[in-house]
Amino acid sequence: MQALVQEKWNKRPLIISGPCSAETEQQVIETATRLAHTGQVDVLRAGIWKPRTKPGMFEGIGTKGLPWLLQAKRITGLPTTVEVATAKHVEDALQFEVDILWIGARTTVNPFSVQEVADALRGVDIPVLIKNPINADLELWSGSIERIQKAGIRQVGMIHRGFSNYGNTEFRNAPMWHLPIEMKRRFPDMLLICDPSHICGNRHMLQSIAQKSIDLDFDGIMVESHIDPDNAWSDAKQQITPEQLADMLSALIWRSENTDKADFLTALATLREQINHIDDELMTLLGQRMKIADRIGQYKKDNNITILQTNRWNEILEKAYSKGEKLGLSQEFVTKYFDAVHLESINRQNRVMNS
Ligand code: PEP
Ligand code: MN
């Protein structure tokens with residue numbers, strides 16, 4: 001692999017930007033030039049083949065757009081990345097010296113397609129980024145990573161682009177942050193970047209989602225940028241101009257996972273000690289609570305009474321909500337916590353009753 005691509009791959013934060021789709025030669029060159037001019041972009045992206053939900057939409061300019069990207073690279077010095085979904089895409093992208101490949105969300109869901117791409121990559125030295133599948137299935141995401149690694153690709157990275165959901169939410173694709181966090185636990189040394197564009201589906205939330213990913217220690221971001229966003233041939237609502245991107249990047253606060261500042265570390269250690277102590281107490285109390293539930297189960301059994309008494313449960317929840325509100329605990333959290341405790345309690349009583 002070229003030294004420049006290697007250098008970009010290792011750079012933190014890694015910033016990838018470019019249009020959702022390559023549309024015309026002029027659009028690709030001008031976007032690339034203006035992005036390079038910001039001095040903050042590391043890699044140029046552009047969709048050449050576009051997997052669209054419905055037929056009749058713009059399905060990408062195709063192989064014809066690859067020379068434009070190569071030209072953009074020659075002018076700006078920016079390495080390039082495109083989405084590939086078939087062996088032919090891989091072959092064409094390699095022929096036009098694309099530097100990094102990415103596998104899209106609609107491809108990650110399909111093991112046949114991922115395997116086809118993996119087979120086409122055997123013996124090739126190129127970094128590959130893998131987007132999460134559109135549905136919230138971490139095994140599919142991990143499986144795709146493994147398929148690409150098994151083909152001999154050493155540089156594999158992950159892109160979090162959110163997960164599809166039924167019905168309207170504020171996001172185009174819900175971020176479900178706990179899922180990329182779990183992937184980070186599974187693949188601790190693997191590059192993980194966030195794609196706020198496809199999570200938001202709009203412009204106004206890009207900044208806050210990008211910031212959130214930074215705060216969660218992601219390694220970089222991929223953001224769609226277009227010279228004339230309103231008239232983009234795909235994903236018009238979520239694209240921003242290169243200059244808007246520059247403003248957004250400048251406003252982001254990059255944090256580091258670690259520091260060696262002594263007073264910060266001491267303060268942090270003290271607070272963590274307090275948290276450990278409280279967690280320990282919570283566990284002890286939960287253990288005691290469940291023992292009482294066992295005894296209640298025994299009484300119910302002796303008196304032939306059902307485990308669940310709806311009134312009692314409503315009463316507990318009402319109390320918890322009003323107390324939670326005073327303590328600054330959200331209703332969502334209180335509900336989740338009590339649901340988990342209640343379920344465990346019912347399981348325990350069930351065991352006692354049927355023993
Ligand atoms: C894209 O990056 O333009 C794209 C098609 O993204 P995704 O695969 O995340 O939908
Ligand atoms: Mn897009």
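1. How far does a polar side-chain atom of Lys 131 lie from an oxygen atom of ligand 1? In this predicted model, the separation is 2.8 Å. For Lys 50, the distance from a polar side-chain atom to an oxygen atom of the ligand is 2.8 Å. The side chain of Glu 224 likewise places an N or O atom 3.1 Å from an oxygen atom of ligand 1. Each of these pairs may be read against the cut-off for a polar contact, which is 3.5 Å between N or O atoms.

2. The cover of the ligand should be considered together with these contacts. On its own, ligand 1 has 300 Å² of accessible area, and the protein covers 96% of it. The space that the ligand takes is the second largest pocket.

3. Lys 50, Lys 131 and Glu 224 belong to a longer list of residues around ligand 1. That list also includes the arginines Arg 45, Arg 106 and Arg 161, together with Glu 83 and His 198. Cys 20, Trp 102, Gly 104 and Ala 105 are likewise found around the ligand.

4. As to the fold, 8 strands form a closed barrel with parallel pairing, in the order 1-2-3-4-5-6-7-8. From one strand to the next, the twist averages 25°.

5. One pairing may be examined in detail. Strand 6, residues 156-160, runs parallel to strand 7, residues 191-194, and 4 bridges join the two. Within this pair, Ile 159 has Ile 193 of strand 7 as its bridge partner. In general, strands of a sheet pair through backbone hydrogen bonds.

6. Two backbone features deserve a check by the reader. The peptide bond between Arg 12 and Pro 13 is cis, with omega at about -10°. Pro 13 is located in the loop between helix 1 (3-10) and strand 1 (14-18).

7. The second feature concerns Met 176, which is not a glycine and yet has a positive phi of about 40°. Met 176 lies in the loop that runs between strand 6 and helix 8 (178-186).

Terms used. Residues are numbered from 1 along each chain as its sequence is written. Chains are lettered from A and ligands numbered from 1 in the order in which they are written. This is a predicted model: local features need pLDDT of at least 70, side-chain atom pairs count only at pLDDT 80 or more; totals for chains, interfaces and linings use all residues. Side-chain values use heavy atoms; hydrogens and water are left out. Two strands pair if DSSP finds at least two bridges between them. Helices (H or I, at least four residues) and strands (E, at least two) are DSSP runs, numbered from the N terminus. Axes are lines fitted to C-alpha atoms, for helices over the stretch in contact, and angles run from 0 to 180 degrees between N-to-C directions. A residue is near a molecule or strand if one of its heavy atoms lies within 4 Å of it. A polar contact is a pair of N or O atoms within 3.5 Å; within protein, one must be able to donate a hydrogen and the other to accept it, and residues adjacent in sequence count only if both atoms are side-chain atoms. Accessible areas come from the Shrake-Rupley method with a 1.4 Å probe; for residues, only the protein chains shown count as cover. On a 1 Å grid over the protein atoms alone, a cavity is a set of points where a 1.4 Å probe fits but cannot get out, and a pocket is an open set with protein on both sides within 12 Å along at least five of seven lines; lining residues have an atom within 4 Å of a point. A molecule sits in a cavity or pocket if more than half of its atoms lie within 2 Å of its grid points.
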